[in-house]
Amino acid sequence: METVTTDVLIVGAGPAGLTAAALLAKYGVRALTVSRYSGTANSPRAHITNQGAMEVFRDLGIDDRVRAAAVPNEYMGNNVWATSFAGTEIARLKSWGSGTLRHADYEVSSPTEMCNIPQHILEPILLQAARELGAEIRFSTEAVSLTDTGDHVDAIVRERTTGAEYRVRAKYVIGADGGRSTVAQQMEFPLRGEMGLGAAMNIWLEADLSQYTAHRPGTLYWMAQPGNDYWVGSGTWICVKPWTEWVLLCMYNPEDGEPDTSEEAVIERARTTIGDDSIDIRIKAVSKWQINHVIADTFSKGRVFLAGDAAHRHPPANGLGTNTSVQDSFNLAWKLAMVLRGDAEPALLDTYTQERQPVGEQVVDRAMESVRNMLPISQALGFEPGQSAEDGWKMLDELFSGTERGAARRRELDSAVALQNYQFNAHGVELGQRYSSTCIVDDGTDYPENVRDAELYYQPTTHPGARLPHAWVEQGRRRVSTIDITGHGALTLIIGENGERWRAAAAQVADEFGVELDVRAVGVGCEYHDVLREWTHQREVGDDGALLVRPDHHVAWRSMAMVDDPASALRTAISTVLGRQVPANSAPTAPRGSVETVVSHDQPVAVVTVGTGAPLVTGSN
């Protein structure tokens, strides 16, 4: 049997697998990606793309491509509840940070914007980027079996078009093969939770609804009619392309039988919730799926890792599926690259589960809670299974009446709609992920106390484990984000106005460990000029402090101020983050000398004079 060798085998070419393939290729890692399908996604599926995922795409240099292909944020804002498109509007909620009260929260927190890009449009962009970076991706190729030998993984894969099988010998495997993961099953990953908590049907169709949507642009239109109290009401319309292409999501009770999926039946479903029989409808595809609430107890076993839906399965509430999958790969890829290069010890890979499993569990639980939180809307409307249409419409009439009962029910509805902020404006859930693991160096301080609801509001902090806060700074005449000057597969040390001794220490320690360690001076009058003082107000360290930032933009270590021996402090931090012993070639810290900044090729360079010897020169990039 033919044997193909690679450093990493990625099973699955959805958002998690393609992101991992692109990142590993960018980091110079040999990886082979296989997918049992003939190509990328053939239907819209996931679509909400939040700022956390967009920052990963920005790191890959493709956020502009994603934005160009997506429905922009300004068309996402209105979450509408109505009896039909042409019928009575019941309620409306500004969502995804588009409302006046929330827009600034989103804008100030990231250099990116949320967007609405269906999966069948996003995946080809990821595929193209991965291949441009040199990734090898084989479609119509399925993993049949996997064996972890201890020092590598043997996988038998099969070409589905020919039936030919061959062996792939990889140092590591990423199982990104979705909710029916072969990798999770083969490697017996422990999963817990519940399957089949609800049954749903997606109807992908074309219908020009501009006259009913252009004045209230949004991603989701929830249609509520008598006799139905499901999470999605009588059907939820998801915008694929404004305002002519949609997915109609309907739920059903399997105990009542499977729904009629004939073209005639699904067109009738669509007409009922449009409320205008003159609209032409063209059905593109119909599919059924189920709601699951499942999380893997561990995201890694030996040399095998799970990412995306293989590790966490949940309903689409909050739009966290693809976003979490992409961020799984962002967390894992740099760790694999550093271990494979010898920059870090294999123990670094243990931190993938330590960091991402709690995030996956939070996401699964939040999505299920959001599903449950939709019920109060149906209850406020007075709609319930089995009621007659006449009784249902009477309840709606009462809701809008001038009676005392109508006023009380409107207050109930207001409360029920406000509860939906935890699904549609949950910025803290989307962007506030914090890690605790053996490659995070705790500084002995507590996280800042939340001044607002932690699920609804993202609170920036440089506490180790948190995502690096975004701030706009200037390099020359170019505006860049603090997010932009970190990442890209390397560790980064951020220093301030009085931090040049950290730069000299970084050069020394990077040389001792043989790793790349970028240094960025950010502050007033620094290489990255904090003209707006946005960074100064968020950094939480002094002018002479320092932050060590990981390739995934999370803070690994910080020093609030200069220390007597910065090289020793940084050496200990790097050793902890990479899981390595302090190198035997570590030199004692040199006597403190003078520091001046000169310019070479238009870039600042620190020249540190040590004792009476020659100057030690360290570049800033």
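Three helices, α2 (51-60), α9 (321-341) and α15 (427-431), each give at least two residues to the lining of the largest cavity in this structure. Keep in mind as you explore that this is a predicted model. Helix α9 is a good guide here, since you will meet α9 again below, where its axis and that of helix α1 come within 8 Å.

**The cavities**

- Searching the whole structure turns up three cavities of 30 Å³ or more.
- The largest cavity holds about 160 Å³ of space.
- Its lining is made up of 14 residues.
- To find the middle of the largest cavity, look for G52, Q327, R467, D552 and H554, the lining residues that lie nearest its centre.
- Helix α2 provides the largest share of this lining, with three residues.
- By character, the lining residues of the largest cavity split into four nonpolar, five polar and five charged.

**Where α1 meets α9**

- Helix α1 covers residues 15-26, and its axis crosses that of α9 at roughly 30°.
- Because angles under 35 degrees count as roughly parallel, α1 is described as roughly parallel to α9.
- The crossing of these two helices, α1 and α9, is right-handed.
- On the α1 side, the contact is made by P15, A16, T19, A20, L23 and L24.
- On the α9 side, the partners are T322, S325, V326, S329, F330, A333 and L336.
- Sorted by type, the residues in the contact of α1 with α9 comprise nine nonpolar and four polar, with no charged ones.

Note on methods: Residues numbered from 1 in each chain as written. Predicted model: local features only at pLDDT ≥ 70, side-chain atom pairs only at ≥ 80, totals over all residues. Heavy atoms only, no water. 1 Å grid on protein atoms, 1.4 Å probe; cavity = no way out; pocket = protein on both sides within 12 Å on 5 of 7 lines; lining within 4 Å. Points joined across faces, edges and corners; volume = space filled by probe spheres on them. Helix = DSSP H or I, 4+ residues; strand = E, 2+ residues; numbered from the N terminus. Nonpolar A, V, L, I, M, F, W, Y, C, P; charged D, E, K, R; others polar. Axes fitted to C-alpha atoms, helices over the stretch in contact; angles between N-to-C directions. Parallel < 35°, antiparallel > 145°, perpendicular 65-115°, else oblique. Left-handed = near helix turned anticlockwise from the far one by under 90°. Contact = heavy atoms within 4.5 Å.
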